[in-house]
Structures are given as C-alpha cells and as structure tokens.
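Thanks for coming. I will walk through one model today, a few residues at a time, and then stop.

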Amino acid sequence: MDLETLRAWDRRYFWHPFTQMACWGDDDPWIIVEGRGNYVYDAQGRRALDAIASLWCNVHGHRHPRLDAALVEQLGRIAHSTVLGASHPGGIRLASALVECTPASLQHVFFSEDGAEAVEIAIKMAAQYWINRGRPEKSLFLTLDNAYHGDTVGASSLGGFPLFHAVYGRLHFPTRRLPSPYALTQAEGDAGRGLDAWLQALDALMEEEGGRTAALILEGGVQGAAGILPYPPGLLAAAAQRCRAHEVLLIVDEVATGFGRSGTLFACEQEGVEPDLLALGKGISGGYLPLAATLASEEIYQAFLAPFAEAKQFYYGHTYTANPLACAVALASLELFAEPQLLAGVRERIAHLSAGLARFAELPYAAPARQFGLMAAVPLRDPHSGQAFPYGDRREYAVCRRARDLGVYLRPLGDSIVIVPPLSVTAEEIHTILRVLDNAMAEECAR
Ligand SMILES: *Cc1c(COP(=O)(O)O)cnc(C)c1O
C-alpha cells in the first residue's frame with residue numbers, strides 16, 4: 001500500500017489515543033514501518049533515534065536477536081492458550097523469575113496485558129483482601145495529586161489529573177488525595193523539608209482515615225506521566241513504615257520505573273521497600289508485546305485461600321492473560337538483565353544524561369530539567385516572557401516535529417519534552433538527543 005493511501009486511511013478510520021483528531025490531519029501522520037536497535041524507520045525510509053522508547057517500554061532496542069529468537073521459538077509451539085483452567089511453561093517460568101527478581105515480600109504473580117490492568121488488579125486484590133479478612137470497612141484508597149496509574153475507570157479513579165476527573169469524575173470511586181511530593185519540595189525549597197511536609201500530611205490523613213483505608217498507592221520514586229516529578233529521597237521507605245503502622249496496604253506502581261529505568265531493576269530496591277502489591281508493565285516484555293503483572297505478598301495471597309464453598313477466590317481474568325508469546329519474550333528480556341554489566345551501564349548513561357541536562361539550565365528557552373533514572377523532562381519557556389507557552393500554542397509539538405526532521409523521535413508531555421530512551425541507548429546517542437533537542441528548541445521557541 002502506498003504512503004498516501006496509508007495516510008488517507010489513517011485519517012479516515014484510525015482513532016488515535018489521547019489525540020485531538022481534528023488536528024491530526026494538520027500534520028501528515030508519521031508512519032513507522034520498522035525498528036532496529038535504538039532507531040525506528042518510517043515509510044519514507046528515514047530513521048529516527050527512538051528517544052521515547054516507543055512510549056517508555058522498549059528496553060534493549062528493537063529487534064534484539066535474543067528476544068526475536070525467543071518469540072520465533074514460542075511461535076513454533078503455540079501462539080496462545082488460556083491460563084483459566086490450564087497452564088503453560090512460559091507463564092510458570094516467568095512467574096518464578098519475577099518472584100526471584102522483585103523485593104522479597106512479593107511471592108505470587110497475577111498476569112494481565114497493560115499497566116492500567118495491573119493497577120486494577122491491585123485495587124481489587126486490596127479491596128477483597130480486607131473483605132476476605134472480615135474487615136469490609138477498610139475500602140478507602142489513598143493516592144496523590146498528579147498521580148497517574150492508567151486510563152481504565154478504576155486506575156483513573158486513583159489518578160490525580162484534574163482534567164481526567166473533570167471528564168470522568170462521575171464514574172470514579174471516592175479516594176483521599178495527598179499533595180504531590182514534588183510540589184511540596186518546590187514550595188519548601190528543598191527535598192528534606194518537602195518530605196517532612198508530605199509526611200505530616202500523610203500522618204494526619206492516616207490518623208483520620210487509617211481505620212477505613214484499604215491501601216495507599218504510590219508510583220515508584222517519580223510521578224512519571226505528570227512530567228517526571230521525582231519524590232524526595234526517603235519518601236517510599238517512610239510511606240511504607242506509616243502503612244505498616246496503620247494496617248494499610250502499600251501498592252507500588254512500577255509500571256514506568258520497573259525493569260532498570262531507575263538504575264536498579266526496581267526503584268523500590270533503592271530504599272529497601274517491600275510493597276504488599278507491585279504493579280508492573282511497560283518494560284516487562286522488553287517493549288515487544290502487551291504484558292503486565294501484579295505481584296502480591298504471601299499474606300495477601302493467603303487471605304484468598306479458603307474451602308471452595310466460601311467463594312473467596314479472586315474473581316478476575318482476561319482472555320489473553322499470560323499470553324505465551326508475551327511470556328517468552330519477557331523471560332528472554334529478564335535473562336538479559338542477569339548480565340551484571342547491563343545495569344552498571346544504565347547507571348553510567350543516567351550520569352551522562354544528567355551531565356548533559358545540566359547545560360540546559362542556562363538556555364533561555366528551557367527551565368531546569370527534571371530527571372529520575374533514565375527519564376527526563378525539559379520544560380519549554382518563552383524566551384520573551386520566561387514563562388511556559390500558553391496551553392493550545394502547541395509549541396511542544398512543533399519542537400518534537402522539528403526534532404523528528406533532525407532524526408530524533410521525541411514526544412511532549414504537558415509543557416515539557418520528555419526523554420525516555422531504551423536502556424540500550426549509548427552515551428553518544430544521548431549526546432545526539434540533547435543536541436537535536438537544543439537545536440529544535442532554539443528554532444521553534446525563539447521565533
Ligand atoms: C504507563 C503507566 C501506567 C499505565 O500503563 P498502560 O500500559 O498504558 O495501561 C500505569 N502506571 C504508570 C506509573 C505508568 O507510567
């Protein structure tokens with residue numbers, strides 16, 4: 001099919017996520033046909049460095065030989081079989097490997113397809129855990145302003161974006177919300193005081209609502225979708241301690257931060273945090289296929305064990321739960337992490353990225369960048385006013401469009417441009433991403 005037909009059909013039939021389709025045709029839809037290593041190739045044969053890891057999920061690069069081989073091997077056996085009433089080797093081995101590589105508290109794995117589902121499952125497990133234990137009053141969920149946990153009704157109930165609540169608020173279950181830790185750090189002027197202020201708010205809410213609270217949910221170390229807003233160090237560990245003291249379950253959402261993005265395999269490790277429930281997605285399959293997982297502690301799992309007639313089992317499942325192809329590629333991806341130099345290399349690249357971003361602080365068209373692990377956000381500024389461009393100006397899109405023409409694939413997030421490359425990005429490629437972004441900003445922001 002020729003490029004013009006593809007573009008015409010795309011505009012006519014294909015409703016894209018998070019997209020104002022009225023503007024979609026302004027720009028010719030960009031059609032990606034291939035990937036190799038850290039690059040994608042479009043229908044015109046031009047390549048672009050994948051600086052968004054195909055929406056934060058690609059880990060080892062595109063078409064990694066070991067991952068491709070694992071998929072082909074599984075395809076030679078079976079593409080899909082259900083795990084309702086049966087099992088399969090890939091799912092069994094992956095469940096065991098995930099328990100081995102995550103914090104020690106987590107002992108059982110429930111598979112699904114997307115990050116939002118991993119969160120939905122954690123919500124339902126937490127709620128049913130308290131019902132099964134004879135304490136149905138513990139049904140409230142605590143969450144954060146600016147939180148993002150996915151777009152299904154349950155997951156977005158826990159989200160903290162006012163826009164989503166304005167539109168879908170009537171569908172959401174009630175929650176209690178704590179301030180965004182990053183906002184407090186900004187208001188207080190440093191991370192230590194920001195953490196103290198946040199813990200005061202948490203302590204007050206736990207005093208008031210702890211008795212009827214099922215769980216607190218936190219992203220791992222950073223509020224990602226809100227614009228890469230890092231927590232003050234120590235927050236996860238301090239929150240875990242409060243949760244234990246008040247008999248509140250801790251759900252950590254490492255959909256974005258898991259699988260090396262933070263510099264360790266999981267962000268929880270950096271503060272010795274052992275969650276009751278852990279949601280994983282994005283990088284779990286190396287960025288190949290839709291797969292997600294919710295890991296549960298032994299105590300949670302035990303609360304679902306009962307004589308059959310008591311009907312305490314977990315009532316949840318999907319058609320494609322633990323798809324064998326997705327499990328096979330996820331196992332191959334985890335095997336690559338077993339090589340110790342992989343994460344050491346990621347930590348070097350994280351240092352490279354922060355050294356490069358430090359230079360951006362002096363640019364008239366950018367505010368200081370925010371970074372957590374191998375993820376960063378560069379906020380655009382109007383050099384004339386020093387302020388963000390007005391909403392609707394779509395300057396961020398113009399910058400990304402220009403960067404694409406210069407060979408780097410970037411995406412906007414609010415008033416910022418995010419950089420979330422595959423973990424396999426090289427130091428030289430980080431340099432290229434930053435140079436191209438700088439050039440694109442200079443051209444598009446100074447006009
Ligand atoms: C992306 C994301 C999700 C949702 O994952 P999907 O696979 O897009 O449903 C949930 N939580 C966090 C922290 C995320 O970054």
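I begin with a serine: the side chain of Ser416 makes a polar contact with the side chain of Asp415, at 3.0 Å. Keep in mind that this is a predicted model, and that every distance I quote is computed from it.

Ser416 sits in strand 17, residues 416–419. Is Ser416 buried or exposed? Ser416 has 0% relative accessibility, so it counts as buried. Setting aside neighbours within four places in sequence, the residues in contact with Ser416 are Arg370, Ala377, Val378, Pro379, Leu380, Glu396 and Arg411.

A second serine, Ser156, belongs to helix 7, residues 153–157. With a relative accessible area of 6%, Ser156 is buried because the cut-off is under 20%. Its side chain reaches the backbone oxygen of Val153 at 3.5 Å. Beyond four places in sequence, Ser156 touches Gly150, Asp151, His165 and His172. Gly150 is also one of the residues around the ligand.

That brings me to the ligand. Which residues are around the ligand? The list reads Asp114, Gly115, Ala116, Tyr148, His149, Gly150, Glu219, Asp253, Val255, Ala256 and Lys282. Sorted by class, this shell has four nonpolar, three polar and four charged residues.

Three distances are worth writing down. From Ala116, a backbone N or O atom lies 2.8 Å from an oxygen atom of the ligand. From Asp253, a side-chain N or O atom is 2.7 Å from a nitrogen atom of the ligand. From Lys282, a polar side-chain atom lies 2.6 Å from an oxygen atom of the ligand. As for cover, the ligand taken alone exposes 380 Å², and the protein buries 84% of that.

Lys282 deserves a closer look. The UniProt record, an unreviewed entry, lists Lys282 for "modified residue: N6-(pyridoxal phosphate)lysine". In the model, Lys282 is in the loop between strand 11 (277–280) and strand 12 (292–297). How does Lys282 count by relative accessibility? The value for Lys282 is 28%, so this lysine counts as partly exposed. That accessibility takes only the protein chains as cover. Leaving out residues up to four places away in sequence, Lys282 touches Leu55, Trp56, Cys57, Val255, Ala256, Gly287 and Leu291. Two of these partners, Val255 and Ala256, are also among the residues around the ligand.

Another partner of Lys282 is Leu55. Leu55 is placed in helix 3, residues 53–56, and has a positive phi of about 70° although it is not a glycine. Phe259 also has a positive phi without being a glycine, near 60°. Phe259 lies in the loop between strand 10 and strand 11. At 3% relative accessibility, Phe259 counts as buried.

Now to strand 10 itself, where Ile251 is found. Ile251 has 0% relative accessibility and therefore counts as buried. What does Ile251 touch, not counting residues up to four places away in sequence? The contacts are Ala122, Ala126, Phe141, Ala215, Leu216, Ile217, Leu218 and Leu277. For Ala215, the C-alpha to C-alpha distance to Ile251 is 6.7 Å, with the two positions 36 residues apart in sequence numbering.

Strand 10 (249–253) also takes part in covering the buried residues of helix 11. Which residues of helix 11 are buried? They are Leu235, Leu236, Ala238, Ala239, Ala240, Arg242 and Cys243. Besides strand 10, their cover includes helix 9 (181–188), helix 10 (191–209) and strand 7 (213–219). Just after helix 11, Glu247 takes a positive phi of about 50°.

One of those buried residues is an arginine. Arg242 lies in helix 11, residues 235–245. Why does Arg242 count as buried? Its relative accessibility is 18%, and buried means under 20%. Neighbours within four places aside, Arg242 is in contact with Leu199, Leu202, Asp203 and Met206. Arg242 and Leu199 are 43 residues apart along the chain, and their C-alpha atoms are separated by 8.9 Å.

To go back over the ligand site once more: Ala116, Asp253 and Lys282 are among the residues around the ligand, and the Lys282 distance to a ligand oxygen is 2.6 Å. That is all I have.

How values were computed:
Residues numbered from 1 in each chain as written. Predicted model: local features only at pLDDT ≥ 70, side-chain atom pairs only at ≥ 80, totals over all residues. Heavy atoms only, no water. UniProt positions renumbered as here; feature names shortened; annotations may be inferred. Helix = DSSP H or I, 4+ residues; strand = E, 2+ residues; numbered from the N terminus. Buried < 20%, exposed > 50% of the residue type's maximum accessible area, 1.4 Å probe, protein only. Contact = heavy atoms within 4.5 Å. Near = heavy atom within 4 Å. Polar contact = N/O pair within 3.5 Å; in protein donor to acceptor, adjacent residues only side chain to side chain. Areas by Shrake-Rupley, 256 points an atom, 1.4 Å probe, with all protein chains shown as cover. Nonpolar A, V, L, I, M, F, W, Y, C, P; charged D, E, K, R; others polar.
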